[in-house]
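Hi,

Here is the structure I said I would pass on. Have a look at it first, and then read on for what turned up when I went through it.

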Amino acid sequence: MLKLTHQLKQLRQPGDIVIGLINDTHYDSHQSTYSQRSLRDLQLISTMARDQQFDSLVMNGDLVDGNQPLSRTIIDTGDAVSALQQSQVPTFITQGNHDDNSGFARYLNGYRTEQVMTEKLAHNLRNRHHNNWLAAQNNFYGKYRVPDTKVSLIMLNTFDIRDSSTNGYFSRNYDDQPNGIHWTGILQNIRHSRSRIAHQQATWLTNTLDQLAPDEQVIVFTHDSIRSATDKQAVRPFWTYDWFANNQQGDFACVYNSLVQHRRQIIAVMSGHTHVDDWSHQDGLNWIATTSDIADRRKTSRLNSKTLGAWDVLVLRPQQHQLFRLRYGWQDRAGRLRHWQYRLFGDGTDTRHRSLKEILKRPDSRPLTGNARYYRNQNKQADQVWRGFRGYFKY
């Protein structure tokens with residue numbers, strides 16, 4: 001903390017905007033010493049944000065692990081939010097795939113959705129103390145203009161699956177439904193199973209970017225990277241393990257294209273979710289991932305990674321179009337895991353696993369989308385590659 005504070009004081013200039021960024025804490029007071037330790041990092045970043053007078057603080061998804069009965073996750077979420085509120089600066093929490101407790105419903109509770117946190121409950125726990133930035137009621141995307149500056153923060157929800165209860169289950173409609181059991185039945189009703197951006201959010205983002213002032217700059221925060229939305233090769237040059245995002249055409253691609261169209265005013269798109277430090281410059285945009293704060297879930301093989309948290313201090317210098325990224329704790333080096341492979345039953349990513357319709361010899365009722373056709377014909381023997389930590393970007 002002393003080293004980081006010294007670096008910040010040396011770097012900071014009048015007119016700079018400072019933002020604290022932490023993601024993938026996966027706080028769980030019952031699971032392990034690692035999942036318990038992340039609460040300390042939430043307290044640390046909040047203390048620094050308060051003492052160094054940050055302009056804002058962003059928790060970019062997966063605040064909690066969501067792998068306990070709902071009553072426990074409610075308590076964990078409350079404790080984690082209380083730690084963030086110690087910062088006394090504007091604080092934003094984006095939606096991660098673990099935050100609504102649907103991982104517990106998916107893996108441990110027989111897909112029963114009474115253990116899933118509703119949007120209203122999540123809003124009351126995470127956002128009711130600071131919600132004027134939200135663009136939609138009980139949803140988790142919006143825009144915040146840093147006072148007396150030309151910089152705005154845009155928070156997106158890449159798990160934008162709205163609640164509607166039918167016969168005790170969540171009933172949701174999708175614009176794009178590729179083949180396979182992961183896209184039908186109860187699995188599509190669990191938010192943890194799928195990344196999604198709904199049409200309303202995509203339209204809001206397009207309109208918001210179109211209405212930017214000519215001299216306004218924005219930095220975008222999203223738990224799951226949108227970088228892979230239109231790229232058939234999800235693995236390179238910027239890796240994501242969320243194949244679901246790659247099958248999201250339509251609104252996901254609309255969001256990507258809107259960002260590219262306004263690239264001259266976008267500082268960077270910050271994400272987490274993959275638990276590695278990574279970056280890419282594509283279509284004129286900086287795509288930057290921050291590794292997980294929870295220490296035992298990173299992809300590194302270095303032993304001492306399990307002793308350190310990881311979070312960032314972002315210093316924006318709008319006049320020179322510069323972004324500095326200071327790190328507390330662990331930094332991933334560039335790395336690779338060879339022959340790492342997903343074998344998702346029936347989702348089309350591996351031709352050795354047949355879809356449910358093939359097994360039952362049922363014809364497809366609708367044609368496959370482009371991405372679904374691509375993955376159906378691919379046997380994904382993927383190398384997982386990441387570029388590691390980088391601390392300076394121009395935009």
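Below are my notes, going from the whole chain to the cores, the helix pairs and a few single residues.

First, a caveat: this is a predicted model, so please read everything here in that light.

**The chain as a whole**

The protein chain has 395 residues, and 60% of them count as buried. Its secondary structure adds up to 10 helices and 16 strands. If you take the contacts with a sequence separation of 6 or more, 72% of them join residues that sit 24 or more positions apart. On the outside, the chain exposes about 16200 Å², with carbon and sulfur atoms supplying 47% of that area.

**The cores**

As a rule, nonpolar side chains in soluble globular proteins tend to be buried together. In this model, the largest nonpolar core is made up of 29 residues, and Leu-8, Leu-42, Leu-63, Trp-311 and Val-313 have the most contacts inside it. The elements that each supply at least two residues to this core are helix 1 (2–11), strand 1 (17–22), helix 2 (33–51), strand 2 (56–59), helix 3 (70–85), strand 12 (310–317) and strand 13 (322–329). Helix 2 gives the most, with 6 residues.

Which residues does Leu-63 touch, once its neighbours within four places in sequence are set aside? Leu-63 is in contact with Thr-25, His-26, Tyr-27, Leu-42, Thr-77, Ala-80, Val-81, Leu-84, Ile-93 and Asp-99. Another core, of 24 residues, lies apart from the largest one; Ile-17, Ile-19, Phe-92 and Phe-393 are among its members.

**Helices 2, 3 and 5**

Helix 2 and helix 3 pack with their axes 7 Å apart, at an angle of about 20°. An angle under 35 degrees counts as roughly parallel, so helix 2 is roughly parallel to helix 3. On the helix 2 side the contact is made by Leu-39, Leu-42, Gln-43 and Ser-46, and on the helix 3 side by Asp-79, Ala-80, Ala-83 and Leu-84. Sorted by class, that contact has 5 nonpolar, 2 polar and 1 charged residues. Leu-42 is worth a second look, as it appears here and also in the list of residues with the most contacts inside the largest core.

Helix 3 also packs with helix 5 (residues 119–126), at an angle of about 35° and with the axes 9 Å apart. Here Ile-74, Thr-77 and Val-81 of helix 3 meet Leu-121, Leu-125 and Arg-126 of helix 5. The residues of this contact divide into 4 nonpolar, 1 polar and 1 charged. Thr-77 and Val-81 take part in this pairing, and both are in contact with Leu-63 as well.

Arg-72 lies in helix 3 too. Arg-72 is partly exposed, with a relative accessible area of 34%. Its C-alpha atom is separated by 8.6 Å from that of Asp-28, which is 44 residues away along the chain.

**Helices 6 and 8**

How do helix 6 (residues 199–210) and helix 8 (residues 251–261) pack? Their axes are 9 Å apart and the angle is about 10°, so helix 6 and helix 8 are roughly parallel to each other. Helix 6 brings His-199, Ala-202, Leu-205, Thr-206 and Leu-209 to the contact, while helix 8 brings Asp-251, Cys-254, Val-255, Ser-258 and Leu-259. The classes come to 6 nonpolar, 3 polar and 1 charged residues.

His-199, in helix 6, is exposed, with a relative accessible area of 52%. His-199 and Cys-254 are 55 residues apart in sequence, with a C-alpha to C-alpha distance of 9.1 Å.

**Two positive phi angles**

Most residues other than glycine have a negative phi. Two glutamines in this model are worth checking on that score. Gln-53 has a positive phi, near 55°; it is found in the loop between helix 2 and strand 2 and is exposed, at 63% relative accessible area. Gln-88 has a positive phi as well, near 60°. Gln-88 is found in the loop between helix 3 and strand 3 (91–93) and counts as exposed, at 66% relative accessibility.

That's what I have for now. Write back once you have been through it.

Cheers

Note on methods:
Residues are numbered from 1 along each chain as its sequence is written. This is a predicted model: local features need pLDDT of at least 70, side-chain atom pairs count only at pLDDT 80 or more; totals for chains, interfaces and linings use all residues. Side-chain values use heavy atoms; hydrogens and water are left out. A nonpolar core is a set of buried Ala, Val, Leu, Ile, Met, Phe, Trp, Tyr and Cys residues joined through side-chain atoms within 4.5 Å. Buried means under 20% relative accessible area, exposed over 50%, partly exposed in between (1.4 Å probe, protein chains only). Helices (H or I, at least four residues) and strands (E, at least two) are DSSP runs, numbered from the N terminus. Contact means heavy atoms within 4.5 Å. Accessible areas come from the Shrake-Rupley method with a 1.4 Å probe; for residues, only the protein chains shown count as cover. Axes are lines fitted to C-alpha atoms, for helices over the stretch in contact, and angles run from 0 to 180 degrees between N-to-C directions. Angles under 35 degrees count as roughly parallel, over 145 as roughly antiparallel, 65 to 115 as roughly perpendicular and the rest as oblique. Ala, Val, Leu, Ile, Met, Phe, Trp, Tyr, Cys and Pro count as nonpolar, Asp, Glu, Lys and Arg as charged, and the others, Gly among them, as polar.
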